[in-house]
Amino acid sequence: MDYKNLLVETKDNIAIVTLNRPDKLNALNFDTFAELKHLFLKLQKDDNVYVVIVTGAGEKAFVAGADISELTKQDCLSGKQFAETGQEVFNLIENLGKPVIAAVNGFALGGGCELTLACYIRLASERAKFGQPEVNLGIIPGYGGTQRLANIINPGRAAEYILTADMMNAEEALRIGLVSKVFTPEELLPKAKEMAMKIATKGQISVRLALQAIQKTNELTEKEGQAYEAALFGVCCGTDDFKEGTTAFLEKRKPEFKNK
Ligand code: COA
């Protein structure tokens, strides 16, 4: 598939996906969703890709939401499908099985904010602005935002942002834990790559199983989650990477993981 609205660059086991409709502030239209689905299914299967970074083209926006010119044409039935299409793609990103880092370079509004929520690590530039402004349009977040935002920043704060449609700057996003780090606009992508590189040098079996365990937090009780964690811990102990990691430590050298 030729991508019209996405740029993809893969190097050193890291794929950088750039939403690329800067004249429309990278708004998510149907074509972009189809491209995202196709690309992320490909990245999921690609054994050479360990970490994915998602960012937006241009200086202004990460993604300014669903494409409102397409949204305006929806009725009850198609509106439900509209939401389900976005949810399917964002669920795929959330459950990719590999770390996905959002490098939020500007406006992350509506579906753009929801896209960041589907990424397990969120980094922001000082220019980033987050918000769920759907109530301004007479709708509610439809790509998982009511659920994920409430889980990530707590239901009370999520209600405040969703009901007022207020935007949040990077400083506030950092303060309340929506993002884990804030950088200058120039630093954002290099720092995201640096973090991705750091993850890419670890044993990928342990990286993926750790992520899998973290992803169960919302599904399992604490007790079930710990049982799941112990089972995955056991799986790690059966890998060559475990032998290499522990031996390298005792031999005071860097481990050379083979992801086996
Ligand atoms: N869907 C479709 N087009 C969008 C868009 C969206 N979500 N967000 C921005 N655009 C388009 C604008 O229509 C404009 O296109 P044009 O130049 O052809 O008129 C272009 O992107 C630039 O946006 P503009 O509004 O002129 O930039 P701004 O700096 O004045 O404002 C925002 C930036 C982000 C505050 C403003 O674009 C905005 O509020 N966007 C909608 C956000 C939103 O409600 N998202 C949730 C959708 S469910």
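The following exercises, each with a worked solution, concern a predicted model.

**Exercise 1. Strand β3 and its two faces**

Determine how many residues of strand β3 (residues 51-56) are buried, and which of them point one way and which the other.

Solution. Begin with the cover of the strand: six of the six residues of β3 are buried, and the strand is accordingly described as mostly covered. Next, recall the general pattern, in which the side chains of a regular strand alternate between the two faces of the sheet. Then assign the directions. V51, I53 and T55 point one way from β3, whereas V52, V54 and G56 point the other way. Both sets are buried.

**Exercise 2. The neighbours of β3**

Identify the strands joined to β3 by bridges, and state how many bridges there are in each case.

Solution. Strands of a sheet pair through backbone hydrogen bonds, in a parallel or an antiparallel manner. Take β2 (residues 14-19) to begin with: six bridges join β2 to β3, and the two strands run parallel. Within this pairing, I14 stands opposite V51 of β3. The connection from β2 to β3 passes through helix α1 (residues 30-45), and this β-α-β crossover is right-handed.

Turn next to β5 (residues 100-104). Three bridges join β5 to β3, and these strands also run parallel. Two positions illustrate the register: I53 of β3 stands opposite I101 of β5, and V54 has A102 as its bridge partner in β5.

**Exercise 3. The sheet as a whole**

State the order of the six strands in the open sheet, and explain why one side of β1 and one side of β10 have no neighbour in the sheet.

Solution. Write down the order: β1-β2-β3-β5-β7-β10, with mixed pairing, in an open sheet. Now examine the ends of this order. β1 (6-11) and β10 (181-183) stand at the edges and each has a single partner strand, so one side of each is left without a neighbour in the sheet. From one strand to the next, the twist averages 20°. Finally, add the helix: α1 packs on the sheet and touches β1, β2, β3 and β5. The direction of α1 makes about 180° with that of β2.

**Exercise 4. The surroundings of the ligand**

Of the 13 residues around the ligand, establish which come nearest, and describe the polar approach of K60.

Solution. The nearest of the 13 residues are K24, K60, A64, A66 and I68. For K60, a polar side-chain atom lies 2.7 Å from an oxygen atom of the ligand. I68 uses its backbone instead: one of its polar backbone atoms is 2.9 Å from a nitrogen atom of the ligand. D23 also contributes a backbone N or O atom, placed 3.4 Å from an oxygen atom of the ligand.

**Exercise 5. Q132, buried or exposed?**

Classify Q132 by its relative accessibility and describe the polar contacts of its side chain.

Solution. Locate the residue: Q132 is in the loop between β8 (129-131) and α5 (145-153). Its relative accessibility is 1%, so Q132 counts as buried, the cut-off being under 20%. The side chain reaches the backbone oxygen of G110 at 3.5 Å and makes a polar contact of 3.1 Å with the side chain of E134. Beyond four places in sequence, the residues touched by Q132 include C113, L117, L149 and Y161.

**Exercise 6. T164 and Q204 in their helices**

Compare the accessibility classes of T164 and Q204, and find the backbone atoms that their side chains reach.

Solution. T164 belongs to helix α6 (residues 155-164). Its relative accessible area is 40%, so T164 is partly exposed. The side chain of T164 reaches the backbone oxygen of E160 at 2.7 Å, and a polar atom of that side chain lies 3.1 Å from the backbone nitrogen of D166. The C-alpha atom of T164 is separated by 9.6 Å from that of G131, although the two residues are 33 residues apart along the chain.

Q204 lies in helix α9 (residues 204-215) and, at 3% relative accessibility, counts as buried. Its side chain reaches the backbone oxygen of I199 at 2.9 Å, and a polar atom of the side chain of Q204 lies 3.4 Å from the backbone oxygen of A200. Leaving aside neighbours within four places in sequence, Q204 is in contact with Y50, I199, D241 and N259.

Note on methods: Residues numbered from 1 in each chain as written. Predicted model: local features only at pLDDT ≥ 70, side-chain atom pairs only at ≥ 80, totals over all residues. Heavy atoms only, no water. Buried < 20%, exposed > 50% of the residue type's maximum accessible area, 1.4 Å probe, protein only. Helix = DSSP H or I, 4+ residues; strand = E, 2+ residues; numbered from the N terminus. Pairing = 2+ DSSP bridges. Right-handed = clockwise from strand over helix to strand, strands pointing away. Axes fitted to C-alpha atoms, helices over the stretch in contact; angles between N-to-C directions. Contact = heavy atoms within 4.5 Å. Near = heavy atom within 4 Å. Polar contact = N/O pair within 3.5 Å; in protein donor to acceptor, adjacent residues only side chain to side chain.
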